Amino acid sequence: MEAVLGALVPVFLVIALGAVLKRGLLPESSHWIALERLTYFVLFPALLVVSIVRAELGKVAVMEVSAALLGSIALFALALTLARRPLSRWLELSSPSYTSVFQGALRWNTYIALAVSGAIAGPAGLAVAAVGLTVMIPVLNALSVMVLARHGENGSNSKRLMFLQLVRNPFIWSCVAGGLINALHIPIPPVIVTFADVLGRASLALGLLVVGAGLRLGDLRRPRVATWFASFIKLLALPAAAVTIGWALKLHEVDLLIVAVASAVPSAPNGYVLARQMGGDAPLLAEILTLQTLLAALTMPLVIGLVAYL
């Protein structure tokens, strides 16, 4: 547990620093929007490509890790879809609000996942995390866009937005590019790899700072039931399902540990941008993201510590 806390505490300290900077040294929202765009379109895609290209996938149980992560997502995506009407009545959700619960319950914060994976298990952990990046990012982005296209407020424009979001999503193309380079052993000049690595390293610190700056603590005076519901699924139920599937598939040690990390992180902040663009309930998702990020400082050590003990 001490090693787990040692890996998690610095990550959450950087997030806390982002919250402090937003309220002190860098109060202008335009500064953080610029950093968010830089990280989203340039720095983090570079990290994705380099992480996947460098991953020694031969040492990772790729099929089992993929099955554990995607299986748990599929389970809850199906449950949320089938239970949409009763769930909306119980939680008093409009159609746009339902999309925010869907995103908040399923998406994952790749900044935190990669930072923690590398801190806990080094290159071996990053290799397993790279598998998670490759299989989860395209699927989760596609699911989120489709749900928003169907239930968001933009109506007739949703199909066009859905297509544009999928085509323009830099995370999807980065995963595809990195996966092809790794699988086909395409030679890349070392200077290009080093260049992308420098950009990628910058993305983790900046990404975590942006996460902290995006926290809306004022929204937590009275969190909605929907916020607690999405947080319970994301931080506890989804990791429990992923770890159970992984354990049933005989995953162990680093593979199972990083499955726990990837599934236990809070939801993705870029889901907020997507909600604004496609007519979701962006304020509700901001509330969900804030609560999850704060709660994850408690739930992630619990989940990862239990798996490490196993």
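Helices here are DSSP runs of H or I with at least four residues, numbered from the N terminus. The model is predicted, so local features need pLDDT of at least 70 and side-chain atom pairs count only at pLDDT 80 or more, while totals for chains, interfaces and linings use all residues. Residues are numbered from 1 along each chain as its sequence is written, and side-chain values use heavy atoms, with hydrogens and water left out.

**Exercise 1.** Find which helix gives the largest share of the lining of the largest pocket.

*Solution.* Start with the term: on a 1 Å grid over the protein atoms alone, a pocket is an open set of points where a 1.4 Å probe fits, with protein on both sides within 12 Å along at least five of seven lines, and lining residues have an atom within 4 Å of a point.

Next, look around the centre: 38 residues line this pocket, and Glu-36, Pro-269, Tyr-272, Val-273 and Arg-276 lie nearest the middle. Elements giving two or more lining residues include helix 2 (29-54) and helix 13 (282-309). Now pick the top contributor: helix 2, with eight residues.

**Exercise 2.** Work out which salt bridges Asp-197 forms.

*Solution.* First, the rule: a side-chain nitrogen of Lys or Arg must sit within 4 Å of a carboxyl oxygen of Asp or Glu.

Try Arg-54: its side chain meets that of Asp-197 at 3.2 Å, N to O. This pair links distant parts of the chain, with Asp-197 in helix 9, Arg-54 in helix 2, and their positions 143 residues apart.

Then try Arg-201: here the closest N and O atoms are 3.0 Å apart. Asp-197 and Arg-201 both belong to helix 9, four residues apart, about one turn of the helix.

Put the two together and you get a salt-bridge network of Arg-54, Asp-197 and Arg-201.

**Exercise 3.** Sort Asp-197, Arg-54 and Arg-201 into buried, partly exposed or exposed.

*Solution.* Grab the cut-offs: buried is under 20% relative accessible area, exposed is over 50%, and partly exposed is in between (1.4 Å probe, protein chains only).

- Asp-197 has 14% relative accessibility, so call it buried.
- Arg-54 has 44%, so it's partly exposed.
- Arg-201 comes in at 60%, so it's exposed.

**Exercise 4.** Say where Arg-224 and Glu-287 lie in their salt bridge.

*Solution.* Check the distance: their closest N and O atoms are 3.6 Å apart. Then place them: Arg-224 is in the loop between helix 9 and helix 10 (225-248), and Glu-287 is in helix 13.
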